[in-house]
Amino acid sequence: MRVALLDPTDVDLSSDDREQADAAVALARELLSVSLADESRGERRRRARLGRLLADDHGRELILSLTDEVLRLDDPAVASRRFAELVHAHPTSAMGALDSVMLRVGAMVAPKLPKVVMPLVVRRVKSETHGIVLPSDDPEFGRHVRRRAADGVRLNVNPLGEAILSDAEADARLAAVLAKVERNDVDYVSVKISSIVANLDVLAFDHTIERVADRLRTLYRTAAAAKPHTFVNLVMEEFRDLVLTIEAFSRVLSEQEFV
């Protein structure tokens with residue numbers, strides 16, 4: 001996997017800013033070096049394979065959609081159809097000739113034998129993303145958090161998931177996020193407004209902002225009441241959500257309750 005570090009000399013900075021930028025780049029290099037020092041052979045293999053996939057446009061879309069969509073579907077028949085659609089829409093050779101052939105064959109067979117093929121697909125995706133995409137449920141999640149805490153590492157917990165379509169799904173996703181926020185072993189959570197509010201509509205701007213703001217109030221109240229307090233990081237996958245996110249964030253945090 002390639003990691004690109006910004007060269008401070010490419011940016012017009014003041015002397016103080018340049019010193020801080022140099023220090024940040026040096027720290028990033030040191031962190032990268034330390035993180036790679038104790039990799040096992042299996043971890044290096046998975047990192048290299050995942051790096052090739054993420055560097056390829058189709059490979060990146062395929063692996064993100066598999067983890068965000070297919071792994072969330074409980075019905076093998078529905079999952080198999082979506083799996084076949086994704087493989088057809090995102091052909092990639094980044095994973096190697098043999099695996100590419102197996103992927104295409106699996107996509108053809110899956111809709112006919114979903115209960116046979118889909119467990120194999122899920123197992124392979126989890127194997128390839130092991131250590132990167134983690135189970136959200138205990139006991140595995142709790143064990144991972146404790147191991148990282150023992151290493152002196154703080155975690156940014158980012159529940160995976162694409163934009164949702166129904167209010168019921170939004171309620172379920174918000175409940176899952178709040179459950180993480182309330183944990184005493186979690187103090188940093190990232191969340192997208194598109195994952196906790198259904199059908200964002202920039203054309204109905206004021207109405208959409210109020211719907212988002214209502215969810216953020218619930219989220220911030222829970223985060224403030226958590227022990228320890230949980231930092232909530234708002235993120236987004238689409239540029240269209242930028243203005244909505246900033247406006248809702250600014251509006252809620254300017255209210256007296258959160259000042």
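These legends describe close-up views of a predicted model.

**View A. Negative surface patch including Asp22.** Four acidic residues, Asp16, Asp17, Glu19 and Asp22, form a negative patch on the surface. Asp22 is located in helix α1, which covers residues 15–37. The relative accessible area of Asp22 is 41%, so this residue is classed as partly exposed, the class between under 20% (buried) and over 50% (exposed).

**View B. Nonpolar surface patch supplied by α5 and α6.** Val101, Val105, Met108, Val109, Leu113, Val116 and Leu120 make up a nonpolar patch on the surface, with an area of about 590 Å². Helices α5 (97–109) and α6 (114–128) each contribute at least two residues to the nonpolar patch. Helix α5 gives the largest share, with four residues. One of the patch residues is Met108, which sits in α5. Met108 has a relative accessibility of 55% and therefore counts as exposed, the cut-off for that class being over 50%.

**View C. Buried and exposed residues of helix α7.** Helix α7 spans residues 140–150, and its buried residues are Phe141, Gly142, His144 and Val145. Viewed down the axis of α7, these buried residues fall within an arc of 160°, so they line one face of the helix. Arg146 and Ala150 are exposed and lie on the other side of α7.

**View D. Backbone of Asn199 in the loop between β1 and α9.** Asn199 is not a glycine, yet its phi is positive, at about 55°. The residue belongs to the loop that runs between strand β1 (188–192) and helix α9. With a relative accessibility of 48%, Asn199 counts as partly exposed; the value falls in this class because exposed residues must be over 50%.

**View E. Cis peptide bond between Lys227 and Pro228.** The peptide bond that joins Lys227 and Pro228 is cis, with omega about 0°. Pro228 is placed in the loop between helix α9 (205–225) and strand β2 (231–235).

**View F. Accessibility at three selected sites.** This view brings together residues from the views of the patches and of the loop between β1 and α9. Asp22, a member of the negative patch, is partly exposed at 41% relative accessible area. Asn199, the residue with positive phi, is partly exposed at 48%. Met108, a member of the nonpolar patch, is exposed at 55%.

Conventions:
Residues numbered from 1 in each chain as written. Predicted model: local features only at pLDDT ≥ 70, side-chain atom pairs only at ≥ 80, totals over all residues. Heavy atoms only, no water. Patch = residues over 30% accessible without salt bridge, like charges linked within 9 Å, V, L, I, M, F, W, Y side chains within 5 Å. Areas by Shrake-Rupley, 256 points an atom, 1.4 Å probe, with all protein chains shown as cover. Salt bridge = Lys/Arg side-chain N within 4 Å of Asp/Glu carboxyl O. Lys, Arg positive; Asp, Glu negative; His and termini not counted. Charge placed at Lys NZ, Arg CZ, Asp CG, Glu CD. Buried < 20%, exposed > 50% of the residue type's maximum accessible area, 1.4 Å probe, protein only. Arc of directions from axis to C-beta.
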